[in-house]
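Reader: Hello! Could you take me on a close look at a single part, the place where the two chains come together, and tell me what surrounds it?

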Amino acid sequence: MNREEERAIEWDCQKTMRQYYDYVDHRDFDSAANLFTEDIDWMSHGVALHGRKELRDGLQAALGEGTIRHVLSNTVVNVIDEDNAELDEYHTLYYSADQEYETVDGPIAFEGPHRIIDCFAALRRTPEGWRIAKRRAPIIFRHDPNEPVRLETWGKKEGKT
Amino acid sequence: MNRNEERAIEWDCEQLLRRYYNFVHGREFSKAVALFTPDADWHALGVDLKGREAILEGLRSGFAAGTVRHTVTGTVVTVIDAENAESVYCNSVYNAPDIRIEDRETPIAMEETRR
């Protein structure tokens, strides 16, 4: 593979990740789940999810209410071969559990980032295009470690932790 | 140089910058330093460093004992010619200089950081 082909894969993979978070941040969870492989292996906030349906249920439970914005940075793509790549990036999260931006009169007040997350993803080329096959996302910094977020609460209730 | 060639350089330089910070965050300082030229001229926070060895020493003393994340945004790469480019970008830094994330079971509270 030459550098031009590698570069094209790097671009496509980082675009897939950006598209995923744009869908999530706008609560389009069906479109978000379709950017994963059917056998997605997903782990974040101590919650493990497998397959698109489970993932979609988790996204709905975690982010169906409130407002979140994932600010992505430092994305580095490592091409393994023409059908596989790995990606590292950071998410700076701004989050309100109780307020939806569509119903608030004016911007939502905030005191800074809610959490900083290291994200790893393995991506695979499929007939649908590049899809996320594995995701790991440990929290590194957190505004208030004692304040649970909905994904954690839902994951414990559903036995996914 | 045509625009496609320029765009390729822009992307490659962005990837190199991000890779550098990711190595620093993983405390892989030797790999981070290898991304500099041997005669690198480094200036940050009032500190001047010249060459890979000095930068390696600076990174070790600055980041070996703690946890840091530089979130890089707003990068603009300006291509000068086929072998030279310049970049500007914004760094938001979250730094807990005395806490290693691997040594804890919970995330680091923001109030424990020095931004």
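Author: Happy to; here is a walk through the contact side of chain B and its surroundings. This is a predicted model, in which local features need pLDDT of at least 70 and side-chain atom pairs count only at pLDDT 80 or more, while totals for chains, interfaces and linings use all residues. Residues are numbered from 1 along each chain as its sequence is written, and chains are lettered from A and ligands numbered from 1 in the order in which they are written.

Let's start with the contact itself. In chain B, 20 residues are in contact with 19 residues of chain A (contact: C-beta atoms, placed from the backbone, within 7 Å). Helix H1 (3-25), strand E3 (67-81) and strand E5 (108-109) of chain B each give two or more residues to this side; helices (H or I, at least four residues) and strands (E, at least two) are DSSP runs, numbered from the N terminus. H1(B) supplies the largest share, seven residues. By type, the side of chain B that touches chain A has ten nonpolar, seven polar and three charged residues; Ala, Val, Leu, Ile, Met, Phe, Trp, Tyr, Cys and Pro count as nonpolar, Asp, Glu, Lys and Arg as charged, and the others, Gly among them, as polar.

Now for H1(B). This helix has 23 residues and reaches 33 Å from its first C-alpha to its last, close to the 33 Å expected at 1.5 Å a residue (the expected span is 1.5 Å times one less than the number of residues). Its buried residues include B:Glu14, B:Arg18, B:Tyr20 and B:His25; buried means 20 or more other C-beta atoms within 10 Å of a residue's own, exposed 12 or fewer, and partly exposed in between. The buried residues of H1(B) pack against strand E3 (67-81) and strand E4 (84-96) of chain A, and also against helix H2 (29-33), helix H3 (51-63) and E3 of chain B. After H1(B) comes B:Arg27, with a positive phi near 60°.

Strand E4 of chain A also holds A:Tyr90. A:Tyr90 counts as buried because 25 other C-beta atoms lie within 10 Å. It touches residues of both chains, among them A:Ser73, A:Ile116, B:Arg69 and B:Thr71.

Finally, E5(B) has a link of its own: two bridges join it to strand E7 (residues 139-142) of chain A, and the two strands run parallel (strands pair if DSSP finds at least two bridges between them). Here B:Ile108 in E5(B) is the bridge partner of A:Phe141.

Definitions and conventions: Two residues are in contact if their C-beta atoms, placed from the backbone, lie within 7 Å. Lists of a residue's contacts leave out its neighbours within four places in sequence.
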